[in-house]
Amino acid sequence: MNLEINNEFLDKLTELIASKSDKEISALFAEVHFADIAEVLDELDFDEAIYIIKLLDSEKTSEILTELDEDTREKILENLSAQEIADEIGEMDTDDAADIIGELSVERQRRVINALEDDDLAADIKELLSYDDNTAGALMAKELVKVYETWTVAGCMRRIRGQAKEVTRVHSIYVVDKEEKLVGRLSLKDLITSKSDQKIADILKPKVDAVNVHEDDEEVAKIMAKYDLEAIPVVDDNNVLLGRITIDDIVDVIRDEADKDYQMAAGFSQDVEVNDSILEITKARLPWLILALFGGFISVSVLGSFDSAMDQYPELFFFTPLIAAMAGNVGVQSSAIIVQGLANDSLKGSLFKRLLKEILQGLLNGFVLAALLMSAGMLFLGFKIDLGITVAASLISVIVIASIIGTFIPIILARRGIDPALATGPFITTSNDILGILIYFSIAKLILGF
């Protein structure tokens, strides 16, 4: 059931906790989804959250822990013993278990793993923890349904019943040879509709999408999105089947990457959350603000080098913010399109064709905006023709140059292995502001002759 979290519910729950009404609390959460309970715990005081975690059975609290806010989960884990954490871990899938244990200190990891009763689970968790972060190996779960190509359909059906008990959801049945190498896959439909004496080798589908254990998790997400996969097997360099990655884990990867790119575009140097401390948020924001400050100093220096133009044509000053703003806006628009294309692998064609396209659309946008600006200037501001031409030519030039920079920089960053989302933030805005002012006054000097 879905749980409506409001002040009335939280007040009632707080009263039950204060009165130690354990049975009533358990009954209250009996039919509630673990994600809803996690949301409740995030709203409670820490002592109350710990009370509920220790009250409910491990089968439910193990799921709750995976859904909790990271800060809340960290505090709860700090107040649980190694054995209590091991009890929770024992109810989780291996990928979730490894994620939880990975948040602990090295010493606590060792104690928790030693406290696990299931030696196979402990070995699986150690293996998953050995892989680098943000790789398929760190993302995969060991639970899967695996059969051998030499089995018959009847024998396969008997054996997979035991395996399926350990798997939350059976997306595919993976077929391996005697050396544990992945050779194909089956669906439940394949088994049900085949004769009981048929060999698995005769009915398997040999074409199976798989990823290497060291593959970057973003690449895994792209592959699963491209082929609409609910799960994908993970193999080592020798094609030995190691585990599988399911769509719920990929959704987390996509969400985390989107959050990171959005924060980078907004000018954060590291991942932050709304509940982080003032110091943590300041550390994330300050580097880009310092960059913007230096950019502002450069802009002032550029303006200072054209002080004689201000004396002769003071009206030039009033269009400086407009030119700088247009440069920044156009650059961000162009880079955002390119970054999106790079992220979903939809960016096709040569760099030259892409730049040519941006130049042509920049010219079109520039001429339209320049015509509107000149018309409004002559009607309402009494533009002189030379000033109008200066502003219009500057606007067109700035839009074209900003479009090129907004296209070129993210592509170059991506080719050098740097996150192209960097090009949609203050970096490109500040650089285009400076360049826009420089172009504006250079064209003004050329046309007006100061």
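**A hairpin, a sheet and two cores**

Q: What makes Glu-180 stand out in the hairpin of S2 and S3?
A: Glu-180 takes a positive phi near 70° there, in a hairpin with five residues between its strands. Do keep in mind that this is a predicted model.

Q: How do you know that strand S2 and S3 pair, and in which sense?
A: Pairing calls for at least two bridges between the strands. Strand S2 (residues 173-176) and S3 have four bridges, so they count as a pair, and the sense is antiparallel. Along this pairing, Tyr-174 stands opposite Arg-185 in S3, and Val-175 stands opposite Gly-184.

Q: What makes S1 and S3 the edge strands?
A: The sheet is open and has three strands in the order S1-S2-S3, with mixed pairing. Strand S1 (145-148) and strand S3 (182-186) each pair on one side only, which is what puts them at the edges. On average, neighbouring strands of this sheet are turned by 35° against each other, direction ignored.

Q: Why is Thr-390 called buried?
A: The word applies under 20% relative accessible area. Thr-390 has 0%, so it is buried.

Q: Where does Thr-390 sit, and which residues is it in contact with?
A: Its place is in helix H21 (residues 385-415). Leaving aside neighbours within four places in sequence, Thr-390 is in contact with Leu-316, Ile-443, Ala-444, Ile-447 and Leu-448. Contact here takes heavy atoms within 4.5 Å.

Q: How do you know that residues 389-414 are helix, and how far apart are the end C-alpha atoms?
A: The chain is 100% helix and 0% strand over residues 389-414, and the end C-alpha atoms are 38 Å apart. UniProt, in an unreviewed entry, places a "transmembrane region" at these residues. Residues 318-342 carry that feature name in the entry too; this span is 92% helix and 0% strand, with its end C-alpha atoms 38 Å apart.

Q: What makes a set of residues such as the one with Leu-13, Phe-29, Leu-41 and Ile-89 a nonpolar core?
A: The members must be buried residues of the nonpolar kinds, joined through side-chain atoms within 4.5 Å. The largest such set has 41 residues, and Leu-13, Phe-29, Leu-41 and Ile-89 have the most contacts inside it. Leaving aside neighbours within four places in sequence, Leu-13 is in contact with Ile-25, Leu-28, Phe-29, Val-40, Leu-44 and Ile-52. Apart from this core lies another, of 27 residues, including Val-398, Ile-437, Ile-439 and Ile-443. Ile-443 is also one of the contacts of Thr-390.

Terms used. Residues are numbered from 1 along each chain as its sequence is written. This is a predicted model: local features need pLDDT of at least 70, side-chain atom pairs count only at pLDDT 80 or more; totals for chains, interfaces and linings use all residues. Side-chain values use heavy atoms; hydrogens and water are left out. Axes are lines fitted to C-alpha atoms, for helices over the stretch in contact, and angles run from 0 to 180 degrees between N-to-C directions. UniProt positions are given in the numbering used here, feature names are shortened, and annotations may be inferred rather than shown by experiment. Buried means under 20% relative accessible area, exposed over 50%, partly exposed in between (1.4 Å probe, protein chains only).
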